[in-house]
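Colleague: I am new to this structure and would like to go through it by question and answer. Please show it to me before we start.

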Amino acid sequence: MEEIKVQQRDIRKEKPDQSNLPFGQYFTDHMFLLDYNLEQGWHAPRIVPYAPLVLDPAAMVFHYGQAVFEGMKAFLAKDEHILLFRPNKNMERFNQSNRRLEIPEIDGDFIIQAIQKLVNIDKEWIPSGKGTSLYIRPFIIATEPCLGVRASHTYQLLVILSPVGAYYSEGLEPVKINVETSYTRAVRGGLGTAKAAGNYAASIKAQTEAKDAGYSQVLWLDAIEKKYIEEVGSMNIFFKINGKVITPQLNGSILAGVTRDSIMELLSNWGVPVEERQISIEEVYEASKNHTLEEVFGTGTAAVISPVGELFWNNHQMIVNQGHIGQLSQRLYDTITGIQTGLIPDTLHWTVQV
Ligand SMILES: *Cc1c(COP(=O)(O)O)cnc(C)c1O
């Protein structure tokens, strides 16, 4: 690949108030761009001032949704070191998504280098408060102007950066979740295993209805029987029942989270029994009734761990751990965030310095 051209802004933007950073609303001074066409493949890597894009109204992404994305974070560690968390995992998944959507694969190592360069240029934007980070959003869109339904012949890859605050301002607050019994997010053979924009388009209506009913998220069941648990909005899900931790196995419609993978590795290192298997909502309901449902938590890059205090399914209300965060959830949160920010030795070699 060619060298990354850099065109910096003359005047930097004003930075937002660090003590109140809503998720994904402020963007840094620069962005990374990379183009694709059939003749040259991926080419013209460049860092330019953050600005709106100019796209043809017939660009295929607007009509047929050929778009994939990733989500990762940069953390300010002690001694002003900047750390990324398992970026190679995100790049592997980026290409898995690309393959599913017929988007040409990218060179993951090169994109990590580009991210490092971009984060360095905009490093003054990385917030320093506890729980804060610089959210990194790489994404690819189909840009060819054509209304025929087929894979686009041109694409653009972009990386934008957004300073984000602590997901929970006052400690880890358990959330209330509605178990969705009519809508479907993804079905085996569909796009569920890809981080594709369209999966979110499919999920918004259920999310809105859950919010209106007082729940913060949706728990998705399998599309066919509405029986087996899949995942939450943008998180994977774990249950601690009778001392054992259970998470749904990757079945062809669940997104394989990097946080999910990290949690399973930590648990097995700690000697906590962890099972990756089919788990039905009835099993969780039974466990709740006979008081063996000890903890429930969602996992994802944005929140790391999101404890669940209540599940609502078919008119049954299941209160988890009296609505408090569980011990294991807290330990997992402290360990992962500790590794991410360099406070805990990274014996698993998960962090990469920028
Ligand atoms: C991104 C995402 C997750 C979480 O993945 P992480 O790599 O842990 O951030 C889970 N489910 C869906 C649908 C997602 O898009």
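Colleague: At what angle do helix H2 and H3 pack?

Modeller: This is a predicted model, in which local features need pLDDT of at least 70 and side-chain atom pairs count only at pLDDT 80 or more, while totals for chains, interfaces and linings use all residues. Residues are numbered from 1 along each chain as its sequence is written, and side-chain values use heavy atoms, with hydrogens and water left out. Helices (H or I, at least four residues) and strands (E, at least two) are DSSP runs numbered from the N terminus, and axes are lines fitted to C-alpha atoms, for helices over the stretch in contact, with angles from 0 to 180 degrees between N-to-C directions. The axes of helix H2 (residues 87–100) and H3 are 9 Å apart, and the packing angle is about 125 degrees.

Colleague: Which word describes how H2 and H3 are set to each other?

Modeller: Angles under 35 degrees count as roughly parallel, over 145 as roughly antiparallel, 65 to 115 as roughly perpendicular and the rest as oblique. The angle here is about 125 degrees. H2 and H3 are therefore oblique.

Colleague: Which residues make the contact between H2 and H3?

Modeller: Contact means heavy atoms within 4.5 Å. On the H2 side the residues are Pro87, Asn88 and Met91, and on the H3 side they are Gly108, Ile111, Ile112 and Ile115.

Colleague: How many residues does the largest nonpolar core have?

Modeller: A nonpolar core is a set of buried (under 20% relative accessible area; exposed is over 50%, partly exposed in between, with a 1.4 Å probe and protein chains only) Ala, Val, Leu, Ile, Met, Phe, Trp, Tyr and Cys residues joined through side-chain atoms within 4.5 Å. Those with the most contacts inside the largest one are Phe32, Ile111, Ile115, Val119, Ile136, Ile140 and Leu157, and its size is 49 residues.

Colleague: Which element gives the most to this core?

Modeller: Ile111 and Ile115 are among the residues with the most contacts inside the core, and both belong to H3 in its contact with H2. The element that gives the most, with 8 residues, is H3.

Colleague: How many residues are in the second, separate core?

Modeller: This core includes Val232, Ile237, Ile279 and Ile281. Its size is 24 residues.

Colleague: How many residues apart in sequence are the parts that Asp29 and Arg9 tie together?

Modeller: The side chains of Asp29 and Arg9 form a salt bridge (a side-chain nitrogen of Lys or Arg within 4 Å of a carboxyl oxygen of Asp or Glu), with N to O at 3.8 Å. Both residues lie in the loop between strand S1 (5–6) and strand S2 (30–37), so the pair ties together parts that are 20 residues apart.

Colleague: Is Asp29 buried or exposed?

Modeller: Its salt-bridge partner Arg9 is partly exposed, at 24% relative accessible area. Asp29 has 0% relative accessibility, so Asp29 counts as buried.

Colleague: How many residues apart in sequence are the parts that Lys15 and Glu124 tie together?

Modeller: These side chains meet in a salt bridge of 3.7 Å, N to O. Lys15 lies in the loop between S1 and S2 and Glu124 in the loop between helix H3 (108–121) and strand S7 (133–142), so the parts are 109 residues apart.

Colleague: Which residues are in the network with Arg277 and Glu283?

Modeller: Arg277 and Glu283 form a salt bridge, with the closest N and O atoms 2.8 Å apart. Salt bridges that share partners join this pair into one network with Lys244 and Glu275.
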